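Hi there,

Here is the structure I promised to pass on. Have a look at it first, and then read my notes on the pockets and the core below.

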Amino acid sequence: MVLSTNNPDKAAALVRLLPFEKHFGNVILSIGVDCPTISNLAFPTNKALFETAFSGNPAFAYVVAPAQDGYNYIDFTYVVFKNCVVQFFNDNLNDCHGLISTLYQDIAEEIFEDSDLAGVHYNTDIEVGKLGMPLGEWP
């Protein structure tokens, strides 16, 4: 599988994030990125890396990287995806339609599981107005 883009920064981000191959049972999928030029851009933060890689992707919502304080030594990055169920055919015998139903965050966790990025967490966005504060306790 080859991903194509004309954006050299996006190509550099995808090369940084994606594995060269992904194993699905006994099937090996080779992954490449095609771009006329690939920049040598060094991404200063995981936030910048993911924002560049996912810019223009309708499944992507935003990235949150809480500010570091003097007590927090782990750099957390939360990559947030659109709140919807994703379904695709997978010859799934547990589903009468042969489908897999999942979230974008689950797909991202599987694709990027071998990356060496520490503190990155994949999330699903909340539905505006649907989620309240638990027991009214949070400010």
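Before the findings, one term: a pocket here is an open set of grid points with protein on both sides within 12 Å along at least five of seven lines, and its lining residues have an atom within 4 Å of a point. Please keep in mind that this is a predicted model.

Let me start with the pockets. The largest pocket holds about 540 Å³ of space. Its lining is made up of 21 residues, and those nearest the centre are Leu-18, Phe-54, Asn-57, Ile-111 and Phe-112. Two or more lining residues come from each of helix H1 (8-17), strand E2 (21-24), helix H2 (46-54) and helix H3 (104-111). H3 has the largest share, with four residues. What is the chemical character of this lining, split into nonpolar, polar and charged? It has 18 nonpolar residues, one polar and two charged.

The second largest pocket has about 240 Å³ of space. Around it you will find Lys-22, Phe-24, Phe-88, Asn-90, Ile-100, Thr-102, Asp-106, Ile-107, Glu-110 and Ile-111. Ile-111 is thus listed for this pocket and is also among the residues nearest the centre of the largest one. At least two lining residues each are supplied by E2, strand E8 (99-103) and H3, and H3 again gives the most, with four. This lining divides into five nonpolar, two polar and three charged residues.

Now to the core. The largest nonpolar core contains 20 residues, and the ones with the most contacts inside it are Leu-17, Phe-50, Phe-54, Val-79, Phe-112 and Tyr-122. H1, H2, strand E5 (60-64), strand E6 (77-81) and strand E9 (120-124) each give two or more residues to this core. Phe-54 and Phe-112 belong to that list of core residues and also lie nearest the centre of the largest pocket.

Tyr-122 is a good residue to click on. Beyond its neighbours within four places in sequence, Tyr-122 is in contact with Phe-50, Val-79, Phe-81, Gln-105, Ala-108, Glu-109 and Phe-112.

Finally, the strands. E6 is mostly covered, with four of its five residues buried. On one side of the pairing list, E6 runs antiparallel to E5, joined by four bridges, and Tyr-62 has Val-80 of E6 as its bridge partner. E6 also pairs with E9, in the parallel sense and over five bridges; there, Thr-77 stands opposite Val-120.

Happy to talk it through whenever suits you.

Best wishes

Technical notes:
Residues are numbered from 1 along each chain as its sequence is written. This is a predicted model: local features need pLDDT of at least 70, side-chain atom pairs count only at pLDDT 80 or more; totals for chains, interfaces and linings use all residues. Side-chain values use heavy atoms; hydrogens and water are left out. On a 1 Å grid over the protein atoms alone, a cavity is a set of points where a 1.4 Å probe fits but cannot get out, and a pocket is an open set with protein on both sides within 12 Å along at least five of seven lines; lining residues have an atom within 4 Å of a point. Grid points are joined across faces, edges and corners, and a volume is the space filled by probe spheres set on the points. Ala, Val, Leu, Ile, Met, Phe, Trp, Tyr, Cys and Pro count as nonpolar, Asp, Glu, Lys and Arg as charged, and the others, Gly among them, as polar. A nonpolar core is a set of buried Ala, Val, Leu, Ile, Met, Phe, Trp, Tyr and Cys residues joined through side-chain atoms within 4.5 Å. Buried means under 20% relative accessible area, exposed over 50%, partly exposed in between (1.4 Å probe, protein chains only). Contact means heavy atoms within 4.5 Å. Two strands pair if DSSP finds at least two bridges between them.
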